[in-house]
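Subject: Handover of a structure and the findings from it

Dear colleague,

Please find below the sequence and structure that I am passing on to you. I would be grateful if you would keep the structure open while reading the notes that follow.

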Amino acid sequence: MQLKNAIMKYQKGDNILLLSSKEEGTVVDIVNDNMVMIEVKGTSFPVYLDQIDFPYFHRFTQQKLVKEKPRLIPGDEIKVDRSKYEVFKTDKGMFLSVLPVYQMDGLDETVKLMKFHLFNDTPHAIRFYFQIWLNNQLDLEIKNEIQPYNHFYLADLIFESLNDNPRFEFNFFLKEPQPKLATSVQKTWKIKPKQMFVQLEQLRSKAEATITYPLFDKFPERAPEPPAPAEQAKKKAPVTTIGSGNFASLLSKIQLQPETSLTPKQEVDLHIEALEKNWKGLSNIAILAIQLNAFQRYLELAISHHQHNLIVIHGIGKGKLKDEIHQILKQTPEVASFVNQYHAKYGYGATEITFR
């Protein structure tokens, strides 16, 4: 009974690693429950159990684990295995890298947490807005930028969080806009626990460090817009195409009224009768375009005047206007949050926006 702990972990003939010198040896005798006799390079001597370990664990951790900083906070960076990206050298883009960190649980090795890095394999400096959602609740958000061919530490996720339906939301914006490239890219990445377990086992068997997921290949090109006649172009109000992909195409199908001077509002009513006197006879797509154009203009006014919040009344209907508005808000970095919940005055027909 006295030798129970030693016998459980080490037996005669076991290969071991001497932690102080990183030399490998063999267990030749069990001294007591705290000490064994080992032989290294023909020399035998006693050592305490906490001075040795199995060599395979050392080799494994040397390959896949990165030494952690004492207190890792968002913004700290750790070295990313660049070789993982070699397969993408002809298809450059943005990648999410997952680095599992392991711990010993008795004699078993388990994943303690996962570290997430963003890797920018494009020639562009890119601003991004990142959110982690757990059980449909916002858990973390980061607004920053990443330089060309560089990586950025995002966050740690405890392994048990896989049970909380984790969802990553990304919005990417070119720091220096280019006429031929899209204004923004939005991506959602959901972790599937079963798939993650399989990939971690494959990672272990291959003795590799990270799992890599492509978010997009290169920065997408701007969608071409149909040319408008010169006279109509003069009458058209300037449109900023930062909302959903449908917003620009909707506006291109109708002739909007000339831009008028607007003043910021805390509450904007987007019912068509509040925006256009002669709205009867307009098609649904024309009405939606007018509503979205008004929303976009008041949104930009609120941002430029540093408003704290804005209430947008969109009504209930079939939800198309609300969905388009929420899509635009997701891609607007200045928006801190927005919520569409029951209100005594508006019911479910309004969205409240909070700015950064």
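Which residue of strand 17 does Ile311 stand opposite? The residue is Glu352. Please bear in mind throughout that this is a predicted model.

The sheet around Ile311

The pair just named belongs to strand 15 (residues 309-313) and strand 17 (residues 350-355), which run antiparallel and are joined by 5 bridges. Both strands are part of an open sheet of 4 strands, in which the order is 14-15-17-16 and the pairing is mixed. At the edges of this sheet stand strand 14 (267-269) and strand 16 (335-339). Each of these two has a single partner strand, so one side of each is left without a neighbour in the sheet. On average, neighbouring strands here are turned by 20° against each other, with direction ignored.

The chain as a whole

The chain has 356 residues, and 42% of them count as buried. Its secondary structure comprises 8 helices and 17 strands. Among the contacts in the chain with a separation of 6 or more, 63% are made by residues 24 or more positions apart. The accessible surface amounts to about 20,600 Å², and carbon and sulfur atoms account for 50% of it.

A second open sheet

Another open sheet of 4 strands follows the order 9-8-11-12, and its pairing is antiparallel. Its edge strands are strand 9 (137-146) and strand 12 (184-190), each of which pairs on one side only. Neighbouring strands of this sheet are turned against each other by 15° on average, direction ignored. Within the sheet, 9 bridges hold the antiparallel pairing of strand 8 with strand 9. In this pairing, Ile132 stands opposite Leu140 in strand 9.

The nonpolar cores

In soluble globular proteins, nonpolar side chains tend to be buried together. In this model, the largest nonpolar core has 38 residues, and those with the most contacts inside it are Phe116, Leu118, Phe168 and Phe172. Strand 8 (residues 126-134) provides the largest share of this core, with 5 residues. Apart from this core lies another, of 19 residues, including Ala294, Phe295, Ile328 and Ile353.

Leu118 deserves a separate look. If its neighbours within four places in sequence are left aside, the residues in contact with Leu118 include Met94, Phe95, Phe128, Ile146, Phe152, Leu154, Phe170, Phe172 and Leu215. Asn150 and His151 are also in contact with Leu118.

Thr122

Thr122 is found in the loop between strand 7 (108-120) and strand 8. Is this residue buried or exposed? Thr122 is buried, because its relative accessible area is 2%, and the limit for a buried residue is under 20%.

The side chain of Thr122 makes a polar contact with the side chain of Asn120, at 2.7 Å. The side chain of Thr122 also reaches the backbone nitrogen of His124, at 3.2 Å. Leaving aside neighbours within four places in sequence, Thr122 is in contact with Gly93, Pro148 and Tyr149. Finally, Thr122 and Lys218 are 96 residues apart in sequence, while their C-alpha atoms are 6.4 Å apart in space.

Yours sincerely,
A colleague

Notes:
Residues are numbered from 1 along each chain as its sequence is written. This is a predicted model: local features need pLDDT of at least 70, side-chain atom pairs count only at pLDDT 80 or more; totals for chains, interfaces and linings use all residues. Side-chain values use heavy atoms; hydrogens and water are left out. A nonpolar core is a set of buried Ala, Val, Leu, Ile, Met, Phe, Trp, Tyr and Cys residues joined through side-chain atoms within 4.5 Å. Buried means under 20% relative accessible area, exposed over 50%, partly exposed in between (1.4 Å probe, protein chains only). Contact means heavy atoms within 4.5 Å. Accessible areas come from the Shrake-Rupley method with a 1.4 Å probe; for residues, only the protein chains shown count as cover. Two strands pair if DSSP finds at least two bridges between them. Axes are lines fitted to C-alpha atoms, for helices over the stretch in contact, and angles run from 0 to 180 degrees between N-to-C directions. A polar contact is a pair of N or O atoms within 3.5 Å; within protein, one must be able to donate a hydrogen and the other to accept it, and residues adjacent in sequence count only if both atoms are side-chain atoms.
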